[in-house]
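Student: Could you take me through one part of this model up close, and then show me how it sits in the rest of the chain?

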Amino acid sequence: MTEPTAIRSPSPTSAPGVPAGAAGADAATEAALRAAEPCLWLNPLLSPRMPASVPAGTRHISLADVEAAQARFDRFAPLLVRLFPELAASQGAIDSALIATPTMQRMLEVDASTGRLWIKADHSLPIAGSIKARGGIHEVLEFAEKVARDAGLLAEGDDYSRLAEPDARALFGRYQVAVGSTGNLGLSIGVMASALGFRAAVHMSADAKEWKKTRLRARGVEVVEHAGDYQQAVAAGRAQAQQDPYCHFVDDERSLSLMLGYSAAALGLDAQLREQGLRPDATRPLFVYLPCGVGGAPAGIAFGLKQLYGPHVHCFFAEPTQSPCFLVQMLGAEISGTGGNPSVYDYGLTNRTEADGLAVPRASELAAGAMRELLSGVYTVADDTLFRHLFQLQAAEGLQIEPSAAAGFSGPAMLTGTDAGRAYLERHGLTDSMPQAVHLVWTTGGLFVPESEYRNFLDRGAALAAR
């Protein structure tokens with residue numbers, strides 16, 4: 001692979017007004033970011049210890065918040081089985097498989113002496129078919145719980161399946177649940193809200209896929225199309241919701257409920273790792289590679305994992321070269337200390353990518369704040385690489401994902417096959433433990449991609465792999 005540029009973080013004492021990434025980064029780094037070339041950034045503020053809580057907006061969050069989110073999922077499990085028969089086998093649990101992928105590891109040319117490759121298959125999550133089923137469904141459930149309790153329809157210890165009865169549906173029908181989305185979050189919100197009886201609206205940006213709009217409309221969800229990008233769709237939805245006291249807006253940029261819904265995934269993964277004898281410790285590091293858009297989903301998962309495993313888990317976010325909003329945020333506002341919420345447009349980037357779920361110009365400041373001392377790093381991936389890995393995954397393991405879900409597969413080679421990655425391993429005393437390491441790629445969507453569209457993905461990936 002082409003050696004990515006390693007980004008040296010700006011000094012925390014950089015002068016205010018210096019463009020994000022300019023201070024302390026060499027000319028090659030600046031050129032790589034602006035030229036949309038793959039690069040690897042390592043977080044100099046990564047803490048060797050896991051704090052008992054971390055700041056998230058107006059309060060701190062801890063493992064207790066992760067467990068509370070899981071408890072909410074558990075309370076709603078009987079209702080989810082009633083609404084979605086496909087959850088009967090899991091007794092209402094929304095989770096995905098942990099899959100060993102040795103053939104894909106060989107295709108990626110990741111040496112077995114540096115650990116084993118696994119996939120956390122959120123691309124096949126039930127109900128919504130993407131990682132967004134976790135956070136999106138959690139926030140809708142939390143809102144439904146509050147509405148029902150305030151109306152006296154729920155008491156402590158009640159069977160939540162009663163929320164499928166006509167009186168509950170009539171109550172929920174008075175409210176609207178709205179969200180701004182490029183697609184997958186909108187699917188999770190729209191499907192869950194409409195299943196409960198809420199009126200649902202999804203504000204979608206110009207880069208949202210047509211098939212996702214069609215699927216939402218088939219569920220009775222109102223789709224509001226906007227000519228601008230993701231951020232503009234969110235802003236429009238937020239403004240409209242503020243005019244309606246009966247509208248709950250799921251704010252992907254600011255929602256703690258979303259982030260905590262994602263964090264509960266760490267508890268399910270922990271059980272799976274234990275079953276495989278792979279729970280991380282000082283001799284078995286866990287490296288997790290998470291596709292990143294606005295940041296709420298990967299930040300929630302990384303937070304939950306860091307709460308469980310502390311220094312034994314190393315989380316890296318993966319972004320398209322044209323849409324590295326979290327890298328820009330961490331490099332600028334978080335690391336330099338100058339504040340603000342920088343945009344990928346500030347670097348002359350287009351924010352255009354086939355990874356539509358990751359096409360975000362500005363990161364969530366809530367997520368970035370939580371990740372300030374927990375995130376190991378961020379790397380960027382070209383679209384062509386996404387398609388090649390998508391094709392290789394189908395050929396190797398028979399798994400169907402969408403382009404954005406392929407972003408994690410560059411991670412192991414970035415970490416073990418580059419000077420920057422090897423320096424990280426040495427700095428954290430991990431070199432001798434690598435044969436026992438677990439490399440976990442989190443695949444995030446693809447279950448419901450139409451066959452014709454997926455065939456186009458495969459054809460493009462096959463052509464790239466043949467070069």
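**A close look at the four-stranded sheet and its surroundings**

Tutor: Let's start with a single pairing: S181 has M204 as its bridge partner in β8. Keep in mind that this is a predicted model. That pair belongs to a set of six bridges joining β7 (residues 176-181) to β8 (residues 199-204), and the two strands run parallel.

Now zoom out to the sheet as a whole. It is open, has four strands in the order β9-β8-β7-β10, and pairs in parallel fashion. At the edges sit β9 (222-225) and β10 (247-250), each of which pairs on one side only. From one strand to the next, the twist averages 20°. Packed on this sheet is helix α4 (residues 132-150), which touches β7 and β10, and its direction makes about 155° with that of β10.

Just past one edge strand you'll find A227, in the loop between β9 and α8 (230-241). Is A227 buried or exposed? With a relative accessibility of 78%, A227 counts as exposed, since the cut-off for that is over 50%. The C-alpha atom of A227 is also 44 Å from that of R116, with the two positions 111 residues apart along the chain.

Next, the domains. The domain assignment splits the chain into domain 1 (23-81 + 94-129 + 257-466) and domain 2 (131-252). Their C-alpha centres are 26 Å apart, and the contact between them involves 42 residues of domain 1 and 36 residues of domain 2.

For a residue-level view, try R72, which has its place in helix α2 (residues 63-83). Setting aside neighbours within four places in sequence, R72 is in contact with H138, L141, E142 and E145. R72 counts as buried because its relative accessibility is 14%, and the limit for that label is under 20%.

The nonpolar core tells a related story. The largest one has 156 residues, and F172, F198, L305, F317, F326, M371 and W442 touch the most other members. Domain 1 and domain 2 both give residues to this core, so it lies between them.

W442 deserves a longer look. Not counting residues up to four places away in sequence, W442 touches K120, D122, I131, A265, L269, V288, Y289, L290, P291, I301, L305 and A405.

Several of those names lead to strand β11 (residues 286-291), so what is its setting? Six of its six residues are buried, so β11 is largely enclosed by the rest of the structure. L286, V288 and L290 point one way from the strand, while F287, Y289 and P291 point the other way, and all are buried.

Which strands does β11 pair with? To strand β12 (residues 313-320) there are six bridges, and the two run parallel. Here L290 stands opposite F317. To get from β11 to β12 the chain passes through helix α11 (residues 296-309), and this β-α-β crossover is right-handed. Strand β14 (residues 438-443) is joined to β11 by four bridges, again in parallel. In that pairing, L286 has V438 as its bridge partner.

Two backbone oddities are worth a look as well. Most residues other than glycine have a negative phi. Q91, though, has a positive phi of about 55° although it is not a glycine, and I127 does likewise with about 75°. Where do they sit? Q91 is in the loop between α2 and β5 (98-100), while I127 lies in the loop between β6 (116-121) and α4. Their surroundings contrast too: Q91 is exposed, with a relative accessible area of 66%, whereas I127 is buried, at 5%.

One last stop is Q105, in helix α3 (residues 102-107). Q105 is buried, with a relative accessible area of 8%. Leaving out residues up to four places away in sequence, Q105 touches V110, D111, A112, G115, R116 and L117. R116 is the residue we met earlier, its C-alpha atom 44 Å from that of A227.

Conventions. Residues numbered from 1 in each chain as written. Predicted model: local features only at pLDDT ≥ 70, side-chain atom pairs only at ≥ 80, totals over all residues. Heavy atoms only, no water. Buried < 20%, exposed > 50% of the residue type's maximum accessible area, 1.4 Å probe, protein only. Contact = heavy atoms within 4.5 Å. Pairing = 2+ DSSP bridges. Right-handed = clockwise from strand over helix to strand, strands pointing away. Core = buried A, V, L, I, M, F, W, Y, C linked by side-chain atoms within 4.5 Å. Domains from an automatic or database assignment. Axes fitted to C-alpha atoms, helices over the stretch in contact; angles between N-to-C directions.
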